[in-house]
Amino acid sequence: MDIEPVRPAAPISASVGFGVGGIGGLLLTFDRECAPLIARREEYDPGAFERLIEIAERAGKPVGEFLLEIARGANFDLMAYRIALRDLIDYTSPGYIFHPVEIDDGRVAIIAIGSGFDGSGDPRIISRRQEFGMDRLLSIEESLRVELPAFDRAGQIGYCAECVLGGLHGVDVGDLAAGIDAEALWARELAAYLGPIAAGERERFLAATSIDAARYGERFALSSPRAAGFAALLKLAGVV
């Protein structure tokens with residue numbers, strides 16, 4: 001994701017529960033053995049991620065708190081943070097890099113953020129954002145116009161559809177669904193992909209997160225108003 005702090009010298013922070021403004025998201029807890037799978041998903045070398053966790057464990061800290069110390073030492077400057085992390089584990093990623101997130105309940109989480117547009121932390125490693133000129137979050141329409149080698153149009157549309165599924169759980173995905181043109185080919189393709197997977201999304205989500213229906217109802221604001229673009233997309237996909 002293209003997430004960077006509004007104030008460059010301030011930590012990336014989050015609030016528990018549904019607030020006004022900001023970016024909606026989910027906080028998930030994974031078992032230690034899931035680390036290689038999480039790393040591969042973020043185009044981050046699993047071995048490097050394992051080294052990072054082991055260094056944090058030797059320091060007696062959870063990986064989030066350990067990364068927060070590095071970020072604080074870099075005055076929360078993202079480039080300085082990437083350089084420090086690269087020097088520590090002799091690795092950086094062209095895809096995504098793990099950053100700490102301070103939560104207002106005292107916990108520290110980690111989030112994978114797209115390797116910097118202005119640099120990955122290693123001049124030899126060109127970030128995907130810099131390589132393809134992605135200096136901000138692209139809409140689905142804009143992403144389909146990017147001339148990537150061997151571009152997978154169907155895969156990109158499917159990826160966008162899976163991202164906007166968060167809207168079914170009350171997460172505000174208005175930025176991803178903005179500017180929906182029901183007459184555009186890409187919008188019809190997106191709706192065609194979204195419709196079938198939306199039908200079983202709640203059941204899959206409950207199984208994947210091991211959350212029961214009662215707790216799910218307590219945690220997710222399903223009654224929150226949907227952004228106009230997302231509502232239009234659901235209508236186009238035939239989702240009630």
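Serine 120 counts as buried because its relative accessibility is 1%, where buried means under 20% relative accessible area, exposed over 50% and partly exposed in between, with a 1.4 Å probe and protein chains only. This is a predicted model, in which local features need pLDDT of at least 70, side-chain atom pairs count only at pLDDT 80 or more, and totals for chains, interfaces and linings use all residues. Residues are numbered from 1 along each chain as its sequence is written, and side-chain values use heavy atoms, with hydrogens and water left out.

**Serine 120**

Serine 120 sits in the loop between β3 (108-114) and α5 (128-131). Helices (H or I, at least four residues) and strands (E, at least two) are DSSP runs, numbered from the N terminus. The table gives distances from a polar atom of its side chain.

| Partner atom | Distance to Ser120 side chain |
|---|---|
| Backbone oxygen of aspartate 122 | 3.1 Å |
| Backbone oxygen of isoleucine 125 | 2.7 Å |

Beyond its neighbours within four places in sequence, serine 120 is in contact (heavy atoms within 4.5 Å) with Arg82, Thr92, Ser93, Ile97, Ser115, Ile125 and Ser127.

**Nonpolar cores**

A nonpolar core is a set of buried Ala, Val, Leu, Ile, Met, Phe, Trp, Tyr and Cys residues joined through side-chain atoms within 4.5 Å. The largest has 25 residues. Val164, Trp186, Leu190, Leu194, Phe230 and Leu233 touch the most other members. Two or more residues come from each of α6 (140-145), α7 (153-164), α8 (185-199) and α11 (228-237). The top contributor is α8, with 7 residues. Leaving aside its neighbours within four places in sequence, valine 164 is in contact with Val173, Leu176, Leu194, Phe230 and Leu233. Another core of 24 residues lies apart from this one. Its members include Ala35, Ile55, Leu67 and Leu85.

**The α7/α8 pair**

The axes of α7 and α8 come within 9 Å and cross at roughly 55°. Axes are lines fitted to C-alpha atoms, for helices over the stretch in contact, and angles run from 0 to 180 degrees between N-to-C directions. The two helices are therefore oblique to each other. Angles under 35 degrees count as roughly parallel, over 145 as roughly antiparallel, 65 to 115 as roughly perpendicular and the rest as oblique. From α7, the contact uses Arg153, Ile157, Gly158, Cys160, Ala161, Glu162 and Val164. From α8 come Leu185, Trp186, Glu189, Leu190, Tyr193, Leu194 and Ile197.

**Helix α3**

In α3 (residues 63-73), the buried residues are Val63, Gly64, Phe66, Leu67, Leu68, Ile70 and Ala71. They pack against α2 (46-58), α4 (78-89), β2 (96-103) and β3. Just after α3, asparagine 75 has a positive phi of about 55°.

Definitions and conventions. A polar contact is a pair of N or O atoms within 3.5 Å; within protein, one must be able to donate a hydrogen and the other to accept it, and residues adjacent in sequence count only if both atoms are side-chain atoms.
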